[in-house]
Amino acid sequence: MARDRNTQVDYARPVRHILIGVMVVLMLGTFLLWRIDSPRVERFRATLVDRVVPSFDWALLPVTRLVGLVEGFQSYARLSEQNQELRRELRQMKAWKEAALQLEQENAKLLDLNKVRLDPKLTYVTGVVLADSGSPFRQSVLLNVGARDGIIDGWATTDGLGLAGRISGVGKNTSRVILLTDSNSRIPVTIQPSGQQAMLAGDNTAAPLIEFLENPDQVRPGDRVVSSGDGGLFPAGLLVGQVALDPERRLRVRLAADYERLEFLRVLRSHAHEVIRDAGGLIAPPPPPPAPVAEAAEPAASEGGADG
Amino acid sequence: MVDPATTQRWGYRLLFVALAAVLLFLRLLPLDMMPATLPGPDLLLCLVFAWVQRRPDIVTPLLLGALLFLSDMLLGRAPGLWAALALIAAEFLRSRHQGSAEMPFAVELAFVAGAVIALTVAYWAAQGIFAVPAPGLSDLLMQAVFTLTAYPAVVGVSQLGFNIRRLSPTEADSGGAR
């Protein structure tokens, strides 16, 4: 019996080792391929996620809502306290609302006088957050809208309050949003009263760092941070948050988007603008293309001359 | 006629896949989008290491490879790297148990600790060599420590809840180590 088992093991073991070796080589091969040609493998990943995660959909949403409900009950305990707080805030808000209305009217009047043309209003698609990244070192969420809904890589997402992240990876029915807190996230921003440009660099903490700031002296905690639209990455002027100082006196941004409860995200459809590369393109029409096309254009030009 | 041992083995295999799916599912739940200050334990790795040492006949290399690769893909890691390293670590732990009938839990925990830390350092080093943007070694080691503290609990649940324990040689003959 024992000998029988041993001979069996003698055959099984090498086969098993070859199998494991082949699998390890395949996996490391995938890793190398991903390192060389990342977009292709990431597309495969998006397709795979697109297949797997929505099949959990029926359970993901109810369980998330249930946990939310329990957390909700905990907050009911201090309902009256919250009520007082809200009343106080509401009084302040009313004052602000008056100010905002007056400013809006004034602004409309001035715009009308100046004949200013603003950017066309952004339209958006709203998606439900299906899943998060599942890793403590990555900050991203999966939305239930994808290529089917016309989502394109690179579009900005907000939660209605402020910028939340950008689309990176689109499957047929799902798309992944890299949040501003992810350590790979870099967003060009403008800091508002001083108008300085900077980069917002996520570092896996709740408040991303401000980097490449030309003149930090002009920036104070509490300044508004908005997206700058540099590099054609994002529409300009989306609220990101407020400047804050961390204990090590580095400038960070307290995000306006409520990351505690991201249930829905708006994906802003940003369409390609007309690109102006140099001053010449702005002033004169594009120069006529050389030789062969110029010949073809000549008869037309002479005809035009005859008519005139 | 189906051999009852085979039926039982496939039952356990299904249970293993279901448990792994539940763990992945729990990690994907969008409960809190704030970055955590402390990385939680990698319970899937605990599950794999606990089961591969108790019932190597259930957790076949092919099943293990497919599961680890899928988790790499779903959890947004560099595809294949963690899976390959974890597979090697799991097979090392499996081979420790060929022949030896009983191993005290402390020794097992020491081996698992060695495997998890070697796995973490190798993962970090490989990401450094290939210039993959990755979390720092201190964060990864922190997660490894949490994983190790969770390991005895996972073993306990597997043994008490699901009756996953090491087979004696006679049981292995009838119940089916290969």
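How many bridges join β4(A) to strand β5 (residues 175-179) of chain A, and in which sense do the two strands run? Keep in mind while looking that the model is predicted, and begin by selecting both strands: four bridges join β4(A) to β5(A), and the strands run antiparallel.

**Stop 1: the hairpin of β4(A) and β5(A)**

With the two strands still selected, find V170(A) and follow its pairing across to S175(A), which is its bridge partner in β5(A). The two strands form a hairpin, with four residues between them. Now colour strand β4, residues 163-170 of chain A, by burial, and the strand appears mostly covered, since seven of its eight residues are buried.

**Stop 2: the other neighbour of β4(A)**

Next, add strand β3 (residues 156-158) of chain A to the selection; three bridges join β3(A) to β4(A), and these strands also run antiparallel. A useful landmark here is T158(A), whose bridge partner in β4(A) is L163(A). Between these strands of the hairpin there are four residues, and G160(A) takes a positive phi near 95°.

**Stop 3: the barrel in chain A**

Widen the selection to strand β1 (residues 123-132) of chain A and strand β2 (residues 140-143) of chain A, which pair in the antiparallel sense over three bridges. Within this pair, V129(A) has L143(A) in β2(A) as its bridge partner. Adding β12 as well brings the whole arrangement into view: six strands of chain A close into a barrel in the order β1-β2-β5-β4-β3-β12, with antiparallel pairing. Neighbouring strands of this sheet are turned by 45° against each other on average, direction ignored.

**Stop 4: a helix pair in chain B**

Finally, move to chain B and select helix α5 (residues 105-129) together with helix α6 (residues 137-162), which pack at an angle of about 155° with their axes 10 Å apart. Angles over 145 degrees count as roughly antiparallel, and α5(B) and α6(B) are therefore roughly antiparallel to each other. When the view is turned so that one helix lies over the other, α5(B) passes α6(B) in a right-handed crossing.

To see which side chains lie at this contact, display residues of α5(B) including L109(B), V116(B), T120(B) and W124(B), and then residues of α6(B) including L137(B), A144(B), T147(B) and Y151(B), for these are among the residues with which the two helices meet. By class, the contact of α5(B) with α6(B) has 13 nonpolar, two polar and no charged residues.

Key
Residues numbered from 1 in each chain as written. Chains lettered and ligands numbered in written order. Predicted model: local features only at pLDDT ≥ 70, side-chain atom pairs only at ≥ 80, totals over all residues. Buried ≥ 20, exposed ≤ 12 C-beta atoms within 10 Å, placed from the backbone. Pairing = 2+ DSSP bridges. Axes fitted to C-alpha atoms, helices over the stretch in contact; angles between N-to-C directions. Parallel < 35°, antiparallel > 145°, perpendicular 65-115°, else oblique. Left-handed = near helix turned anticlockwise from the far one by under 90°. Contact = placed C-beta atoms within 7 Å. Nonpolar A, V, L, I, M, F, W, Y, C, P; charged D, E, K, R; others polar.
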